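Here is a short briefing for a reader meeting this structure for the first time. Please look over the sequence and the model, then read the points below.

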Amino acid sequence: MKKDNYHVLDSTFAQSLTNIIAAELNQNIIICDHHGIIIAAFDRKRISQVHEGAANMLYSGNIREFSISPADEKRLKNVRRGYDVPIVVEGRCIGVIGVTGEPEEVAPYARLAARFVQATLESNSRQQKLVQALKEKEELQSILLYKIIDVQEEERKKISRELHDEISQSLTSIIVGLRVLSEQVCGSKEQKFVLEMRDVVSKTLDNAHRLAVELRPALLDDLGLVAAAQRYIENYSRQYGITTDINFSGLSRERFRPEIEITLYRILQETLTNIAKHAQAANVKVSLKKTRREIHFSITDDGIGFTPKSLRTACENSSLGIYGMRERVALLAGKFTIQSSEGAGTTVTVVIPLQDTRDNTISSNQ
Ligand SMILES: Nc1ncnc2c1ncn2[C@@H]1O[C@H](COP(=O)(O)OP(=O)(O)OP(=O)(O)O)[C@@H](O)[C@H]1O
Ligand SMILES: [Mg+2]
């Protein structure tokens with residue numbers, strides 16, 4: 001059968017049906033297309049001939065069963081005595097099936113054969129529609145997910161900028177004000193209090209700065225993935241006391257499409273957070289390579305590892321980290337793998353094609 005054209009009879013399909021039906025019924029059988037051309041026949045010499053009986057019936061517009069008498073056999077071209085039945089699928093006549101023999105004897109066989117062809121085509125049609133509907137649903141889901149991630153990233157960027165530009169500036173003014181005040185108050189007790197206040201505000205400023213960077217580092221937009229990742233890994237190493245080995249294969253000036261950069265950055269964040277939370281690792285290796293067609297990104301730790309069972313338990317407990325990474329990579333038509341065994345560490349590997357393989361619907365919806 002042709003893939004997307006279930007209401008047009010495919011000749012290979014028709015020939016297999018002819019062979020099966022002819023063997024089952026022990027009768028000579030032909031199948032014509034919607035023009036009356038024989039596209040399958042038990043007697044293969046007849047293939048490609050115009051069956052004048054079928055053609056006349058189809059062109060008359062009066063779709064009906066008909067018999068071929070010995071007189072018709074003489075009068076019309078390429079017909080044999082027998083009985084012919086139109087094949088109607090979803091209200092459209094897509095061909096004719098004919099069985100050779102005494103018309104009244106073979107009529108039930110011809111009808112049976114036509115019903116069989118109809119049922120097979122209708123079932124194929126239903127199946128194709130279901131597959132199509134499923135495909136459309138999956139595409140829609142991807143578009144929605146893409147949108148959600150996009151909106152979320154925009155929102156993070158906005159909050160990060162707000163934290164940096166508004167809150168950090170105000171906190172800095174307060175710190176300066178408190179320092180000036182500390183110099184003006186007389187009593188040492190009051191001065192100590194003001195300085196303590198200044199330290200609290202200073203810590204709050206640090207936290208606001210960290211939060212802004214975590215939400216969306218300006219470095220990622222300004223200088224790209226490599227610079228932002230390097231900074232993130234250095235801070236991480238300092239914060240958690242984990243030794244990190246970075247191999248970015250001389251890609252320091254390289255820029256990738258924004259959606260690739262943000263995806264890999266979020267994967268770095270989630271994977272390193274997982275290592276700090278679960279792995280008890282001492283060493284982490286981060287590697288980024290570019291080939292002609294792909295980007296290869298991997299993060300390996302030497303921690304305690306985990307089993308598929310603990311991953312299942314985590315999923316049942318609504319853990320979203322690994323699931324989210326997988327979804328993000330799938331949206332860029334990439335491959336996400338995670339290898340781990342107990343006591344032997346964990347490696348997360350991501351391969352993303354450099355070429356934008358998403359269709360226009362998704363690109364134009366960004
Ligand atoms: N590097 C790692 N070493 C050891 N175990 C890990 C590592 N990464 C993930 N895991 C295991 O896989 C589970 C699932 O990780 P995932 O990131 O999906 O969820 P989570 O970190 O538990 O929660 P969430 O990310 O939603 O805050 C974790 O609970 C942990 O058991
Ligand atoms: Mg996690």
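## Ser 298 and its surroundings

Leaving out residues up to four places away in sequence, Ser 298 touches Lys 285, Val 286, Ser 287, Val 348 and Thr 349. Contact here means heavy atoms within 4.5 Å. The model is predicted: local features need pLDDT of at least 70, side-chain atom pairs count only at pLDDT 80 or more, and totals for chains, interfaces and linings use all residues. Residues are numbered from 1 along each chain as its sequence is written, chains are lettered from A and ligands numbered from 1 in the order in which they are written, and side-chain values use heavy atoms, with hydrogens and water left out.

- Ser 298 is found in strand 8. Helices (H or I, at least four residues) and strands (E, at least two) are DSSP runs, numbered from the N terminus.
- Ser 298 is buried, because its relative accessible area is 19%. Buried means under 20% relative accessible area, exposed means over 50%, and partly exposed is in between (1.4 Å probe, protein chains only).
- Ser 298 and Glu 136 are 162 residues apart in sequence. In space they are 33 Å apart, C-alpha to C-alpha.

**Overall division**

- The protein is divided into domain 1 (11–137) and domain 2 (223–366). These bounds come from an automatic or database domain assignment.
- The C-alpha centres of domain 1 and domain 2 lie 58 Å apart.
- The unreviewed UniProt entry carries the annotation "domain: Histidine kinase" for residues 162–356. UniProt positions are given in the numbering used here, feature names are shortened, and annotations may be inferred rather than shown by experiment.
- The span 162–356 is 58% helix and 18% strand. Its end C-alpha atoms lie 32 Å apart.

**The mixed sheet**

- An open sheet of 5 strands has the order 6-7-8-10-9, and its pairing is mixed. Two strands pair if DSSP finds at least two bridges between them.
- Strand 6 (243–247) and strand 9 (335–340) stand at the edges. Each has a single partner strand, so one side of each is left without a neighbour in the sheet.
- From one strand to the next, the twist averages 10 degrees. Axes are lines fitted to C-alpha atoms, for helices over the stretch in contact, and angles run from 0 to 180 degrees between N-to-C directions.
- Helix 8 packs on this sheet and touches strand 7, strand 8 (294–301) and strand 10 (346–353). The direction of helix 8 makes about 10 degrees with that of strand 8.
- Strand 6 and strand 7 (residues 283–290) run parallel, joined by 5 bridges. Thr 244 stands opposite Val 284 in strand 7.
- Helix 10 (residues 321–331) lies across strand 9 and strand 10. Helix 10 runs at about 150 degrees to strand 9.

**The magnesium site**

- Glu 270 (OE) and Asn 274 (OD1) are the protein donors of the magnesium ion (ligand 2), lying 2.1 Å from it. Donors are N, O and S atoms within 2.8 Å of the metal (3.2 Å for Na, K and Ca); water is not among the atoms, so sites may look incomplete.
- Both donor residues, Glu 270 and Asn 274, lie in helix 8 (residues 258–279). They are 4 residues apart, about one turn of the helix.
- Glu 270 counts as partly exposed, because its relative accessibility is 23%. Asn 274 is buried, with a relative accessible area of 16%.

**The antiparallel sheet**

- The order 2-1-5-4-3 describes an open sheet of 5 strands with antiparallel pairing.
- Strand 2 (38–41) and strand 3 (66–68) are the edge strands, and each pairs on one side only.
- Neighbouring strands of this sheet are turned by 25 degrees against each other on average, direction ignored.
- Helix 4 (residues 103–184) packs on the sheet, touching strand 3, strand 4 (82–89) and strand 5. The direction of helix 4 makes about 20 degrees with that of strand 4.
- Strand 1 (residues 29–32) runs antiparallel to strand 5 (residues 92–100), with 4 bridges joining them. Ile 29 stands opposite Val 99 in strand 5.
- Strand 4 and strand 5 also run antiparallel, joined by 8 bridges. Here Tyr 83 stands opposite Val 99.
- Strand 4 and strand 5 form a hairpin with 2 residues between them. Glu 90 in the turn has a positive phi of about 50 degrees.
- In strand 5, 7 of the 9 residues are buried, so the strand is largely enclosed by the rest of the structure.

**Ser 160**

- Ser 160 lies in helix 4. Ser 160 is buried, with a relative accessible area of 7%.
- Not counting residues up to four places away in sequence, Ser 160 touches Ala 212, Leu 215 and Arg 216.
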